[in-house]
Amino acid sequence: MDNTTPYDIQYLFEPKSIAVIGASQNKKKIGYAVFNNIVSGGYQGNVFPVSPKGGDVDGHKIFSDILDIDEEIDCASIVIPADLVKDAVKKCALKKVKFLQIITSGFSEVGNVHEEKEIFDIASQAGTRIVGPNMFGLYSRAASLNSTFSAAKISPGHVAILTQSGALGIAMISKTAVANLGLSAIISIGNKCDVDEADLLAYLIQNDDTKVIFIYIEGVKKGERLIEALKVATGKKPVIVIKSGKSKRGAQAAASHTGSLAGSDDIFDAIMKQCGVLRAECLEDAFNWCKFMISGSAPRTRNTVIVTNGGGVGVMATDACEKYGVSLYDDQAALRGLYEAVTPSFGSTKNPIDLTGAAGGTEYTRAFSVTAESEDIGSTIGLYCETATFDSGNLAQMIQETYARHQKNGKPISYALIGGKQVENAITALIAERIPVFNDVEQAVSCMGAFYRYHNYLDEVSRKIDEYAVDTAAINAVIDRAAGAGRTFLLANEGAAVLRAADIAMPQSKIARSIQEAVQFAGEIGYPVVLKVVSKDILHKSDAGGVLLDLDDEKEVIVGYEAIMHHCRMYKPNAVIEGIEVAEMVKKGIELIIGARRDPSFGPVIMCGLGGIYVEIMKDISFRAVPINRSIALSMLEEIRSYPLLLGARGEEKKDIESVIDTIIKIGSIIRTCERITDIEVNPIEVYEAKSGIKAVDARILISRMKEDTQ
Amino acid sequence: MKKIVVSSMRRNSGKTSIIAGIVSLMHDKKFAYAKPLGDRLIYRKKRSWDYDASLMVNLLGRQGEMESHCEKITLGFDHSRLKYMYDKEGIERALAEIVTDIGAENDVLFIESGKDLTAGAYLNLDAVSMTKSIDGVLVIVVSGDDDCVLDDMRFIEKYVKLEGVHFGGVIINKISDIEEFEASCTPVIREMGLDVIGAIPYEEPLTYFPLDFLADKLLARVLAGEEHLKNIARTILIGTSATFVADKEQIPARPELSGTGQLMITGGDRSDLILAALERDTAGIILTNDIVPHQNIISRANERGIPVLLVGTDTFQTARTIDDMEPLLRKQDTGKISLLSQLIEKHTNMAEFLK
């Protein structure tokens with residue numbers, strides 16, 4: 001094959017033939033477990049055990065060398081000591097094996113980066129792709145292939161799991177069996193020396209068995225690829241992610257564990273939201289959401305109704321709905337019309353529908369029938385507290401029937417059942433039938449919240465990209481000058497020039513090199529003006545007495561110019577003062593910050609938030625990966641706590657949100673198109689009333705050390 | 001009206017202090033003051049003020065005059081501004097206006113030169129040019145060790161006196177051993193034919209820092225003893241190293257560490273040093289690195305009436321900043337001003353000179 005065209009990832013999940021290099025007759029060895037799982041799991045393709053010891057395993061002849069096998073090999077699982085892996089990969093490359101699953105550990109995760117790179121280079125020269133090293137194999141329902149060394153039997157289903165942790169992956173296989181969560185695929189990615197999440201998603205997106213994808217991730221290496229793959233995946237099916245390494249300590253553990261650096265969690269979280277990925281905090285949530293998502297079709301309305309026999313759990317569910325963003329149906333007249341007939345007079349037809357503790361199976365069935373049938377109701381949360389009036393022995397049957405009715409009408413329903421042994425037995429029986437029942441209100445509502453978050457994303461997502469045609473030639477000229485002077489940062493006037501190249505409104509300013517010029521420029525700009533020292537040796541201008549504000553006339557400019565020169569000479573006698581910037585005095589507005597940086601994991605990201613001097617303290621900011629569109633830029637603003645200030649708080653006029661969105665798009669375009677810029681921070685940006693625009697007051701821009709670094 | 005231009009051969013010779021001593025001594029005369037070429041710029045309310053000019057106007061009780069004539073009292077600081085605002089004739093006119101507008105209705109107009117005799121020469125604002133321009137009398141302050149004083153005196157005799165200006169004489173300031181000076185230097189100076197208006201001895205108290213001055217200059221937060229900020233720091237102890245044992249028993253055993261009016265500079269976490277200082281005759285304590293000590297320590301400082309100042313800089317930087325500070329005279333330093341008056345009265349014939 002042409003080495004530049006990678007093999008289709010389908011060969012990994014649906015190989016026609018598989019070799020197990022390191023297959024063993026010893027039942028305690030992983031080499032045996034992998035071989036046995038493949039054979040006993042019902043795999044229909046050809047399996048070739050390979051080991052220099054020869055002999056046979058469970059009636060299959062063991063080949064002493066993969067090169068002795070005459071047939072074409074689509075996939076090879078390597079389960080041998082680390083020091084033998086390189087030779088095995090060389091032979092697989094010779095054999096033109098399409099995919100290698102390297103289960104063996106002892107590479108970059110323990111610092112052995114060099115050998116991992118060698119293995120990758122050998123394989124990639126032959127076009128052979130590698131999963132791992134340090135992975136546990138894979139399960140693929142489509143091929144009935146279980147090449148893992150898990151002891152648990154994998155039941156087929158519709159959830160695909162990608163995991164960066166091998167041990168956790170093996171444990172998850174067992175856990176999915178207990179939870180009766182059937183799998184369409186499970187694969188550990190290990191050290192990701194070649195195949196990564198984006199490659200695997202490409203298969204799972206088009207795999208019909210997979211209805212939900214769950215990813216456990218510790219660190220991201222090629223974030224921009226992952227973002228694109230996730231955007232495509234979430235357009236087709238829900239993707240749920242758990243990312244560990246949120247805390248600083250956790251990130252360190254992740255780095256030593258997988259050889260990959262965990263990125264900033266704030267950025268990761270924002271980007272997952274941007275891609276429509278549902279981020280779970282724990283395995284239990286993730287599994288619950290997976291189970292629930294499998295059965296859910298797109299909701300017809302956002303109206304949810306809670307049906308309960310207890311006021312307390314009803315209130316708990318109501319609180320949880322607010323927490324998880326589930327909207328409760330609030331048309332009181334319509335609710336009364338729908339539920340009056342099925343609710344006792346001392347109950348409540350307000351949402352939650354309280355059937356009271358007297359409710360039995362019949363009352364529940366009638367109430368659930370209303371929710372299942374009504375066109376105005378999109379989903380149901382069913383709550384049950386064990387009472388003497390309801391024979392809990394009939395509980396499972398009532399739920400089976402009402403669940404089936406909801407399914408038939410394409411309506412999601414989740415149940416929370418609270419009680420003793422009989423209730424727990426009912427839950428166990430219903431879980432076996434993959435019905436979303438929980439023994440806790442929070443879990444039942446959390447599932448519904450995740451379901452709606454995903455569908456809201458689908459309704460709102462747009463693939464449109466808004467970009468601004470930045471004058472990159474002008475920006476590159478500024479960067480060339482700064483780099484030529486050996487700087488990795490731009491001076492204030494250079495930063496302003498970069499923003500002007502993107503048509504971002506800055507206060508008018510000019511650099512004066514004498515009092516005459518300062519007076520002339522102030523006259524041209526118009527009073528009042530600001531004076532600021534320009535010197536690469538004085539970064540903290542205010543500390544040096546190098547900034548004077550609100551100078552109203554020529555006399556004040558003359559005195560101010562002299563005072564700045566005097567103060568700066570006192571502050572740093574050897575400072576080279578290039579001049580004094582005479583700038584328009586910007587009038588006060590709402591102060592925002594807009595920044596962008598080249599994230600080591602995800603590439604260019606943009607940030608906006610409440611600006612001014614308290615940015616670090618308030619931390620009221622939101623992130624997105626660029627490119628973005630105007631609607632995403634608006635969502636960034638809506639996400640910050642200070643957004644009401646832009647809408648006009650305390651009787652003030654609404655601010656110019658459109659101009660802020662323009663600026664976010666423009667700064668995103670700068671970071672995307674000017675690769676030598678690593679960080680931009682524009683703070684403050686004064687935002688004025690609607691249609692009055694913005695003014696970017698100050699810009700700090702960092703550039704990479706060498707032009708070649710990024711080219 | 002007598003127009004006296006006061007200059008010095010070197011910076012920080014004590015020109016302003018001498019003028020301050022004179023005006024506070026002679027209540028029978030009306031004085032006016034100007035410093036056309038400023039050198040200690042204070043920027044306030046969009047105006048630049050010279051520190052010395054501001055002090056003198058306050059001492060003379062003419063704050064209103066400062067408001068209306070501030071640009072006449074000090075024409076500027078930097079050449080760039082002065083060149084932009086004045087040509088040669090403009091400078092002449094501005095100096096003439098000082099005489100007419102500020103000096104009017106006074107017995108004596110003091111015009112203080114820039115930092116030394118040559119400052120402002122390019123703009124005709126040096127002491128000699130100004131003396132000629134206003135037809136005044138030049139008085140030069142010299143200070144330093146004996147050799148330095150003799151060098152300066154000879155220089156004046158050879159060059160300055162010959163410039164054709166009305167030379168009033170010299171005031172020799174900050175003489176460390178007045179008797180020794182009288183014996184060895186005065187005869188030589190007499191031979192030079194220079195008029196000596198006075199020979200003023202060095203007085204260490206004039207170099208002491210009041211705690212409120214330090215608090216102001218260091219932008220310090222006062223944690224305790226606010227009502228005792230007038231305390232004077234006579235000596236400075238820097239407590240940085242763990243090898244320095246701030247033991248009550250040990251400090252008095254070391255003469256350089258004992259005595260009254262000490263200022264302790266140390267980190268806010270050094271409770272051992274702070275407590276030791278609080279039990280002694282300490283003028284004040286400066287705590288560095290923005291570390292606030294335990295409330296009990298602050299309470300103890302309040303009980304003892306010892307000001308405790310808190311600064312953000314580290315101990316080394318704080319000590320260096322204080323070391324670089326000039327003990328500038330302030331209006332509220334009444335003790336220092338009174339001492340200056342006494343020195344002028346006792347060691348100069350200024351009364352005669354001003355007749």
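How many residues of chain B are in contact with chain A, and how many residues of chain A do they touch? Keep that in mind as you open the viewer, and remember that you are looking at a predicted model.

**Stop 1: where the chains meet**

Colour chain A and chain B separately, then select the residues in contact. You should find 14 residues of chain B against 20 residues of chain A. The size of an interface is often given as the accessible area lost when the parts come together. Here the two chains bury about 1400 Å² between them, with 59% of it on carbon and sulfur atoms. Now select B:Y43, B:K46 and B:Y84: in chain B, these lose the most area to chain A, together 49% of what that side buries.

**Stop 2: charges and polar contacts across the interface**

Side chains of opposite charge can pair when their charged atoms come close. Between chain B and chain A the count is 4 salt bridges. To see one of them, show the side chains of A:E556 and B:K46, whose closest N and O atoms are 3.4 Å apart. The interface also holds 8 residue pairs in polar contact, both residues being at pLDDT 80 or more.

Which elements of chain B give two or more residues to this side? Select β3 (41-44), β4 (47-50) and α4 (79-85) of chain B. α4(B) gives the most, with 4 residues. Colour the chain B side by residue type, and you will find 5 nonpolar, 3 polar and 6 charged residues.

**Stop 3: a sheet in chain A**

Switch to a cartoon view of chain A and look for an open sheet of 5 strands, in the order β16-β15-β17-β18-β19, with parallel pairing. Why do β16 (353-354) and β19 (437-438) of chain A each have one side without a neighbour in the sheet? They stand at the edges with a single partner strand each, so one side is left free of a neighbour.

Zoom in on β15 (residues 304-308) of chain A, which runs parallel to β16(A) and is joined to it by 2 bridges. There, A:V307 has A:I353 in β16(A) as its bridge partner.

Next, add two helices that pack on the sheet:

- Helix α11 (residues 311-324) of chain A touches β15, β16, β17 (379-385) and β18 (413-418) of chain A, and its direction makes about 160 degrees with that of β15(A).
- Helix α13 (residues 361-373) of chain A touches β15, β17 and β18 of chain A, at about 180 degrees to the direction of β15(A).

**Stop 4: a salt bridge within chain A**

Over all chains, the count comes to 51 salt bridges. Finish with A:E72 and A:K98, whose side chains meet in a salt bridge at 2.5 Å, N to O. This pair links distant parts of the chain, 26 residues apart. A:E72 is in the loop between β4 (60-61) and β5 (75-78) of chain A, while A:K98 is in the loop between α3 (82-94) and β6 (99-102) of chain A.

Definitions and conventions
Residues numbered from 1 in each chain as written. Chains lettered and ligands numbered in written order. Predicted model: local features only at pLDDT ≥ 70, side-chain atom pairs only at ≥ 80, totals over all residues. Heavy atoms only, no water. Contact = heavy atoms within 4.5 Å. Buried area = accessible area lost by both parts, 1.4 Å probe. Polar contact = N/O pair within 3.5 Å; in protein donor to acceptor, adjacent residues only side chain to side chain. Nonpolar A, V, L, I, M, F, W, Y, C, P; charged D, E, K, R; others polar. Pairing = 2+ DSSP bridges. Axes fitted to C-alpha atoms, helices over the stretch in contact; angles between N-to-C directions.
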